[in-house]
Amino acid sequence: MNYLSVENLSKTFGIKQLFKNISFGLNKGDKVGLIAKNGTGKSTLLKIIANEEDSDSGAVIFRNGITIGFLSQNEDFQESKTIEEVIFDGDNPIFKAVKDYNNCIEKNIEGKAMENAFESMNQYNAWDIELRLEQILSELKVNLPKQKISNLSGGQLKRLSLARVLVNNPDFMILDEPTNHLDLDMIEWLENYLSKNASTVIMVTHDRYFLETICNNIIELDQGKIYKYTGNYSYYIEKKAEREELEQTNITKAKNLMRKELEWMRRMPKARGTKSKARKDAFYDLKDKASKKLGKDELLLDVKMDRLGSKTVEFHNVRKSFGDLTILNKFNYNFQRMEKLGIVGSNGTGKSSFLNMITNQLEPDHGKVIIGETVTFGYYRQDGIKLKEDQRVIEVVKDIAEVIPIAGGKKISAGQFLERFLFPTSMHYQVVSKLSGGEKRRLYLLTVLIKNPNFLILDEPTNDLDVFAMNVLEEYLENYKGCLIVVTHDRYFMDKIVDHLFVFEGQGKVRDILGNYSIWRENQKQEQNTKPFKKGKAIKASESREKEVDFSKNVKTTLTYKEKLEIEALELDIALLEKEKLKLETDLGGDNQDSKFIMETSTKLSQVLTILEDKSDRWLELSEYS
C-alpha cells in the first residue's frame, strides 16, 4: 500500500541546485534511511516532505487519512509552557480527549462536560496514553511533565521533540537525526522501539548500526539524483559499489567510442544530410556520458602531527568532586603513545570533567595531573562550535594560519586546505551562517586538526557528519600515531576506532575494559543473564557454590545456550588480547629504552598474559562440548 509519492521534485538555493526532477515512493511499513553528503539537501528534502519548506517544482503526495509526525533538528517551543503542554499541543483528537478529561478532573468539573470527556476517552481508547507518555519520557530522561521548557537544556529539548513524535505514534514518521543528544542506552531503546513499531519511517541519521538494524530500504541522494536500494545499510554499501563499478565501465566505454566519433567529427563529410546530422547529435550525447564524474570528491585528512615524547598525560592519585557527586576517587593512569581510548557512561558521571582535567582546564581536588612537554592537544568539543556567523569560510582558516604544514613536509595555502576538507573554491567566500549543520561541523574539525595535535580528544565528533566524511575520519584515526580519546554515542565509530574503554559508572568508579563497545555490551548482557536469583533476591556466594556442586553431579554432554554465547565472547576477547600482547611485545622491542616505560609496559604485558591464559583455559574447557 503506497503511503508517499514524491514526483519530479526540484530545489535550488541561489545558484546551487540540490536536486532536479527526483521521484520515489514509500509503502506502508517501510523503514527508509536517507543518505547523502553534507550540504546536498538531506534535511531540505525532509522539510519539503513534511511541508515545512516549499520546493521549486514537483509534488509530495501522502495517502489520504494517514497521520504524520516530523522531528526537526531545530524546534522552537514556547518557554512558558510545560513539557506536558508541549506534547499535548496540536490538533490530535486523542490528545484533545486527554486534555479535556484532565481539565475536568483538575477543576472538579462534573455533568455534561465530564460525560463528553469520558466518552471521548473511550472513543479514542486514550486511557493508556499517559502511561505511554510516562514510559517514553522516562526512557528519554525528560520525565518531569510539569517542568517548564525554559528550564530544559539543549539536549533535553531535542529529546522532548523526539518524545512528542513518538507519543503521537503517527502512521508516518519523518526523523532528522533522531539519535543526536541520546546516550547509548537511549539509542538502543529507540532502535528497539522503531524496529517493533508499525509506523512507516524515513530518516536521516549518521548512526550506521541504526541504519543496519532498522532500515529495509536506503535512498541515496547523489549529485542531485535518487538511487533506491531495497535492503539495509550493509546491502546498500555492497550495491552502491556495484553501481559505481558499472557506471565507471560505461564511462570508459563511452570515452573509447567518443575517440572514434571525434575522428569522424573532424573529417565531417561535406554532405549535410539527415543521417549526418543525427550522428552529430548522438556525438554530443556521447560526450556528456563520457564526461560524467562519479562524485568521488573525498575528504583528505593528511595533516601533520607534532612529535610526541614518551611522557604524555599522567594521573596520580586524583580525586574530584562537585558537592556530593564524586567524579574521580584515587584515580591513577598513564596515557601511552598510540593509545586509542573510548569513554562511555551515563550523563552526570564525569566524562566532560575528566576531559577538562586532561587538558588542564579543571583542577583536581587532590592529586596531580602531569602533562608532558611535547603534548599538543586538539580538543573537538560537542558544544565547541563558536564560529562567527557573519565570517567568511576562508577567514576562519586564515585567522589560524595563512600557510599550513601537512604530512610529508609539504605546505599548502588556507584555500588549498579548505579544498581538502571538501570546501570548493566557490564556498571559500560564503558566510558561515549559510553552511549546513554538517558543513559547520566539518569546518570546526578543520580548525582543530590545523594545529597538528598529537593528543586528540573528540567529544561527539560524528554528530551531523555524513557517513562518507565519517569513513574518511575513521581511516585517518586508525592510522593516527598520537594519543586518541573518543567520547561518542556512535557505536559503529567507537567499535572501529578504540582498543579499550573507560566506563564511568558514577561515584568515582571508572572501569578499564579491554576491547570495544560491542564486546563490553555483550559481556554486560551475559553478566545480567548469568546473575543467580532466588525468589527474587540475589543468592549468597555460599548458596551459589552449593548449587554448582549439585549441578556437577549430572554428566555434561553439550553446551547450554549461555555457554554458547560465552564461547563466542571468549573468542573475540582472545583475539583482542593476542593483538594487545603483540603490540606490547613490539613496544618492548622498540627504540624506547626508558626504564619507567619498560617497567610499565612489562607490567601491562604480564596482566594481559594472565587474562589471556585464564580465558584460553575457559575456552578449552567449553570447546570440549561444542
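In the predicted model, Lys-496 has a relative accessible area of 35% and is therefore classed as partly exposed. The side chain of Lys-496 forms a salt bridge with that of Glu-474, with an N to O distance of 3.2 Å. Lys-496 belongs to helix α16, whereas Glu-474 belongs to helix α15, which spans residues 467-478. The two positions are 22 residues apart, and the pair links distant parts of the chain. In contrast to its partner, Glu-474 is buried, at a relative accessible area of 0%.

The Lys-496 and Glu-474 pair does not stand alone: salt bridges with shared partners join Arg-208, Glu-474, Asp-490 and Lys-496 into one network. Within this group, Asp-490 pairs with Arg-208, and the closest N and O atoms of that salt bridge are 4.0 Å apart. Asp-490 is located in the loop between β18 (483-487) and α16 (491-497), and Arg-208 in helix α8 (residues 208-214), so this salt bridge ties together parts separated by 282 residues in sequence. Asp-490 counts as buried because its relative accessibility is 1%, under the 20% limit. Arg-208 is likewise counted as buried, with a relative accessibility of 0%.

A further salt bridge is formed between Asp-183 and Lys-141, where the closest N and O atoms are 2.9 Å apart. Both residues lie in loops: Asp-183 in the one between β6 (172-176) and α7 (184-196), and Lys-141 in the one between α5 (129-139) and α6 (154-168). This pair also links distant parts of the chain, at a separation of 42 residues. The accessibility of the two partners was evaluated separately. Asp-183 has a relative accessibility of 3% and so counts as buried. Lys-141, at a relative accessible area of 35%, is partly exposed. In general, side chains of opposite charge can pair when their charged atoms come close. For the model as a whole, the count of salt bridges is 19, and the pairs described above are included in that count.

Cysteine residues were examined for disulfides. The count of disulfides comes to zero. Two of the cysteines are Cys-104 and Cys-215. Cys-104 counts as buried, because its relative accessibility is 6%. Cys-215 also counts as buried, with a relative accessibility of 5%.

Technical notes
Residues numbered from 1 in each chain as written. Predicted model: local features only at pLDDT ≥ 70, side-chain atom pairs only at ≥ 80, totals over all residues. Heavy atoms only, no water. Disulfide = S-S within 2.5 Å. Buried < 20%, exposed > 50% of the residue type's maximum accessible area, 1.4 Å probe, protein only. Helix = DSSP H or I, 4+ residues; strand = E, 2+ residues; numbered from the N terminus.
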